[in-house]
Amino acid sequence: HLLKIVEETSKRHIKLVLLSRPLFHPYDDYEFEKRFNEYNLLTKITAKEKSIPFIDIDVQFATESQYFSDAAHLNKQGLKRMAEMINSIIWPNGGV
């Protein structure tokens, strides 16, 4: 589905930014963490191949427990920080 999103946003001239999914590390479910890592890797590869900006949210938040409501979901503070990171990519000169 990711390639379809890339295709559609390109056709409609919509600027796309891809993100990794954050997961607090270490996580106690190996299979779940493995799937997260696979998703993040494929997203990163797609971004590179298609020249799409990529923000590695997982790396930015991996050990920052104060930003998580549980191991796989950001809390209000984490969402605010993530929005600021996205904003800096979309509007690097300060924009909105």
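I take exposed to mean a relative accessible area over 50%, and buried to mean one under 20%. The model I consulted is a predicted one.

**Entry 1: L42.** I looked up L42 and found its relative accessible area to be 55%, so I record L42 as exposed. I placed L42 in helix α2, which covers residues 30-49. I then examined the surface around this residue: L42 forms a nonpolar patch there with L41 and I45. For the three together I noted about 280 Å² of accessible area.

**Entry 2: T9.** I turned next to T9, in helix α1 (residues 2-11). Is T9 buried or exposed? Its relative accessibility is 13%, so I entered T9 as buried. I found a polar atom of the T9 side chain 3.1 Å from the backbone oxygen of V6. Leaving aside residues up to four places away in sequence, I listed I14 and L16 as the residues that T9 touches.

**Entry 3: nonpolar cores.** I recalled that nonpolar side chains tend to be buried together in soluble globular proteins. Which residues make up the largest nonpolar core? I recorded nine: V17, I55, I57, F61, Y67, F68, L74, M82 and M85. Helices α3 (57-61) and α4 (76-90) each supply at least two residues of this core. Apart from this core I noted another, of five residues, including V6, L16, L18 and A47.

**Entry 4: I55.** I finally checked the contacts of I55, a member of the largest nonpolar core. With residues up to four places away in sequence not counted, I55 touches V17, L18, L19, S20, M85, I86 and I89.

Technical notes
Residues are numbered from 1 along each chain as its sequence is written. This is a predicted model: local features need pLDDT of at least 70, side-chain atom pairs count only at pLDDT 80 or more; totals for chains, interfaces and linings use all residues. Side-chain values use heavy atoms; hydrogens and water are left out. Patches are made of residues with over 30% relative accessible area and no salt bridge: like charges are joined within 9 Å, nonpolar side chains (Val, Leu, Ile, Met, Phe, Trp, Tyr) within 5 Å. Accessible areas come from the Shrake-Rupley method with a 1.4 Å probe; for residues, only the protein chains shown count as cover. A salt bridge is a side-chain nitrogen of Lys or Arg within 4 Å of a carboxyl oxygen of Asp or Glu. Helices (H or I, at least four residues) and strands (E, at least two) are DSSP runs, numbered from the N terminus. Buried means under 20% relative accessible area, exposed over 50%, partly exposed in between (1.4 Å probe, protein chains only). A polar contact is a pair of N or O atoms within 3.5 Å; within protein, one must be able to donate a hydrogen and the other to accept it, and residues adjacent in sequence count only if both atoms are side-chain atoms. Contact means heavy atoms within 4.5 Å. A nonpolar core is a set of buried Ala, Val, Leu, Ile, Met, Phe, Trp, Tyr and Cys residues joined through side-chain atoms within 4.5 Å.
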